[in-house]
Amino acid sequence: MSDPDDGLTLAEYAPGSAAVLTDAERWPTMDAAGAARLDRWRRHPFAPDWVHATGDRLTAEMVERTRMPLSTNGWLEEHLTTARNLLAYRGRDGLVSLADFPPITRQHLVDDLASFVPLDADLDRMLHGTSSGSTGAALLIPDDVEEVARGFHLMVSLVRAQGIDWVPDGERFAVASVVFQRQAFTYVSLVSGFAHRAMARLNLDTGVWRTPSDRTDFLRDADPQVISGHPTSLAELLSPDLRGAVRPLALFSSAMSLSGPLRADLEDAFGCPVFDVYGLHETRQIAVRTDDGPFRVLDRRVHVEILDSAGEVLPEGERGEITVTAGENPLLPLVRYRTGDVGRLVRLADGGIGIADLEGRENTVFLGSDGRRVPCVDLTQQLQTHGARGWSIVQAVDGSVAAEIVGGDAGAVDRTLRALLNQPVAVTRHERLIDLGEGKPRRYRSAAG
């Protein structure tokens with residue numbers, strides 16, 4: 001287990017620090033079998049310390065609604081009508097068609113998120129999650145409980161479309177969301193719309209388990225049907241102890257670029273499809289692929305454009321910034337949201353729309369002076385905690401590290417990065433994000449990891 005006095009422990013990851021609801025409020029439809037199942041996993045002898053407690057908060061009516069995707073018939077015009085009434089567009093005339101709306105960026109949300117939330121939004125259905133973004137400015141996203149639940153059923157539909165019958169199977173976890181970082185929110189929960197089967201968010205870093213064997217034994221017993229994560233955490237499943245402990249029906253990778261070799265290794269190890277999902281917390285899932293070809297834009301309330309630097313729409317086949325109009329989350333109806341990622345739209349063989357040559361997501365690992373591999377998310381947590389609004393961290397071939405940060409406590413950043421990487425770090429502090437360069441700054445680069 002990690003040492004709470006090592007100077008890197010963050011208070012928000014103290015077990016139980018954010019628990020505020022009762023189980024009856026978290027799972028209004030939970031029956032006796034579900035309650036027993038939840039209790040079993042909470043008390044499992046090999047379980048990690050559960051940092052958080054959360055539930056889907058779905059009533060019986062909501063459970064039924066979320067089993068089906070939202071209709072896409074005429075959704076865009078309805079979406080634009082909603083957007084015209086947002087405070088963000090107050091005083092703007094001529095917002096008739098999609099092209100009349102000015103593109104927006106993450107900074108617009110950071111500056112005034114509330115102006116993008118409908119005035120008549122049902123805030124009783126709101127959850128929130130943190131998105132670190134491409135520049136490091138943390139952002140709390142208002143999530144709708146039904147939309148979050150619908151995301152699980154999207155996964156189910158994608159798996160079943162591959163000819164795999166994903167249905168509740170005994171006491172197996174429905175899904176395990178895995179991360180691999182020094183500190184993380186972990187919890188065990190129930191999926192109300194999947195016969196109250198268990199799911200969990202797990203940290204695969206061996207330092208958070210009482211013994212490395214606990215990690216293996218817990219996963220072997222949970223035997224999750226589907227495992228989701230980012231490439232760094234999914235790669236940990238290839239460890240000898242975990243490779244034989246799980247037998248997933250499918251794997252889902254998101255948040256960072258999934259390399260072809262890692263996909264192939266995962267497919268070979270587990271004999272199942274690996275879904276590479278492109279999306280942002282702000283926009284939700286945008287596109288998916290199960291090979292190294294273009295990402296297929298999903299048939300849901302999402303519209304993708306490619307814009308040039310001046311905000312003009314580029315034709316199919318030309319590279320530019322991926323810009324998304326997203327209507328799945330009723331609490332954050334975004335119009336022409338510039339993702340900072342680059343790609344080009346292509347027509348797929350069956351007439352669908354794909355995104356090819358996607359760039360922008362990072363999966364960077366740094367090398368400590370003691371040979372330890374440190375995923376960039378560990379750096380993100382410390383940088384944000386100590387007030388940095390943006391950063392660029394570069395590790396040279398020889399292992400030396402230089403950090404440029406925007407705002408924040410440079411002394412604290414210096415101390416925590418030294419502790420993480422076990423070596424000196426040259427820290428330079430700036431006042432403005434533009435000082436990191438034009439466009440989407442590359443937060444992490446390592447030639448040594």
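Contact here means heavy atoms within 4.5 Å. The model described below is predicted.

**The four-stranded sheet and its helices**

Four strands make up an open sheet in the order β19-β18-β17-β20, and the pairing in this sheet is mixed. Its edges are formed by β19 (425-430) and β20 (444-446), each of which pairs on one side only. On average, and with direction ignored, neighbouring strands of the sheet are turned by 10° against each other.

Within this sheet, β18, which spans residues 401-406, pairs with β19 in the parallel sense, and six bridges link the two. One point of reference is I405, whose bridge partner in β19 is R429.

Two helices lie across strands of this sheet. Helix α12, residues 410-421, lies across β17, β18 and β19, and runs at about 150° to β19. Helix α11, residues 376-385, lies across β17 (390-395), β18 and β20, and its angle to β17 is about 140°.

**Strand β5 and its partners**

Strand β5 covers residues 197-203 and is mostly covered, with six of its seven residues buried. Two pairings of β5 are set out here.

| Strand paired with β5 | Sense | Bridges |
|---|---|---|
| β3 (residues 175-179) | parallel | five bridges |
| β4 (residues 187-191) | antiparallel | five bridges |

In the parallel pairing of β3 with β5, V178 stands opposite L202 of β5. In the antiparallel pairing of β4 with β5, V188 stands opposite A200 of β5. Strands β4 and β5 also form a hairpin, and five residues lie between them. The turn of this hairpin includes A195, which has a positive phi of about 55°.

**Helix α7**

Strand β5 is also among the elements against which the buried residues of helix α7 pack. The helix spans residues 212-222, and its buried residues are D214, R215, T216, F218, L219 and A222. Besides β5, these buried residues pack against α2 (32-42), α8 (231-236) and α9 (240-243). After α7 comes D223, which has a positive phi near 45°.

**Summary of the two regions**

In the open sheet, β18 pairs with β19 in the parallel sense, and β19 is one of the edge strands. Both α11 and α12 lie across β17 and β18. In the other region, β5 pairs with β3 in the parallel sense and with β4 in the antiparallel sense, while buried residues of α7 pack against β5.

Key
Residues are numbered from 1 along each chain as its sequence is written. This is a predicted model: local features need pLDDT of at least 70, side-chain atom pairs count only at pLDDT 80 or more; totals for chains, interfaces and linings use all residues. Side-chain values use heavy atoms; hydrogens and water are left out. Two strands pair if DSSP finds at least two bridges between them. Axes are lines fitted to C-alpha atoms, for helices over the stretch in contact, and angles run from 0 to 180 degrees between N-to-C directions. Buried means under 20% relative accessible area, exposed over 50%, partly exposed in between (1.4 Å probe, protein chains only).
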